[in-house]
Amino acid sequence: MGTIIQQQHLPNLWVGVGCQKGSSWRLIATAIKQVFAENQLRENTIAGLATIDTKASEVGLIELCHLCNFPLKLFPSNILSTVSIPHPSKIAAKTVGTSSVAEAAAILAASYITPPLTRKEELEIRLLVPKQVFRLESEPGSVTLAVATNDR
């Protein structure tokens, strides 16, 4: 009798995160749960989180990565600003030097390639979930999430 092989769901989804200073790990985790549930994505396929390098010491992000054993990829604003994204933000451009944090970080993290990306390489990366903003009455701050994967 043959062996039944279960389909493995390898971690291949990168969650781009933009957040206000002081956003808790609970807020970020709740936003991820909601995005993954609404888009019928499996949380066990999260490869890691990605954001702008100025969030390297953001407590909520660090705590969530530690609790979930997620790697955290960080990108400087000048690299994030090279990525073509569908929903640029004038406010983000003014405050952090790039028109996208969540979408651009998710795309770059999913690319496994040193930016800037060629047009062909950008086409192999899919933004599965465009940026979405979350707030909870019980938690301070807000978080913006986007999810990308690599089709290679």
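In what order do the elements of the chain run from the N terminus on? Before following them, keep in mind that the model on your screen is a predicted one. Colour the chain from its N terminus onward, and you can read off the order β-α-β-α-β-α-α-α-α-β-β, which corresponds to 6 helices and 5 strands.

**The whole chain**

Show the surface first: the accessible surface of the chain comes to about 8,700 Å², and 54% of it belongs to carbon and sulfur atoms. Of the 152 residues in the chain, 44% are buried. If you display contacts between residues at least 6 apart in sequence, 66% of them join residues that are at least 24 apart.

**The sheet**

Next, select the strands, which form an open sheet of 5 with the order E3-E2-E1-E5-E4 and with mixed pairing. At the edges you will find strand E3 (72-75) and strand E4 (125-136), each of which pairs on one side only. Turn the view to look across the sheet, where neighbouring strands are turned by 25° against each other on average, direction ignored. In general, the strands of a sheet pair through backbone hydrogen bonds, and they may do so in parallel or antiparallel fashion.

Now narrow the selection to strand E1 (residues 13-19) and strand E5 (residues 139-150), which run antiparallel and are joined by 7 bridges. One place to zoom in is cysteine 19, whose bridge partner in E5 is valine 143.

**Helices on the sheet**

Add helix H1 (residues 25-38), which packs on the sheet and touches E1, strand E2 (46-52), E4 and E5, while its direction makes about 45° with that of E5. Then add helix H2 (residues 59-68), which also packs on the sheet; this helix touches E1, E2 and E3, and its direction makes about 165° with that of E2.

**A closer look at H2**

Which residues of H2 are buried? Select Gly60, Leu61, Leu64 and Cys65, and you have the buried residues of this helix. Look down the axis of H2, and you will see that its buried residues fall within an arc of 130°, so they line one face of the helix. These buried residues pack against E1, H1, E2 and E3, whereas His66 and Leu67, on the other side of H2, are exposed.

Finally, step just past the end of H2 and select asparagine 69, which takes a positive phi of about 60°.

Terms used. Residues are numbered from 1 along each chain as its sequence is written. This is a predicted model: local features need pLDDT of at least 70, side-chain atom pairs count only at pLDDT 80 or more; totals for chains, interfaces and linings use all residues. Side-chain values use heavy atoms; hydrogens and water are left out. Helices (H or I, at least four residues) and strands (E, at least two) are DSSP runs, numbered from the N terminus. Buried means under 20% relative accessible area, exposed over 50%, partly exposed in between (1.4 Å probe, protein chains only). Contact means heavy atoms within 4.5 Å. Accessible areas come from the Shrake-Rupley method with a 1.4 Å probe; for residues, only the protein chains shown count as cover. Two strands pair if DSSP finds at least two bridges between them. Axes are lines fitted to C-alpha atoms, for helices over the stretch in contact, and angles run from 0 to 180 degrees between N-to-C directions. The arc is that of the directions from the helix axis to the C-beta atoms.
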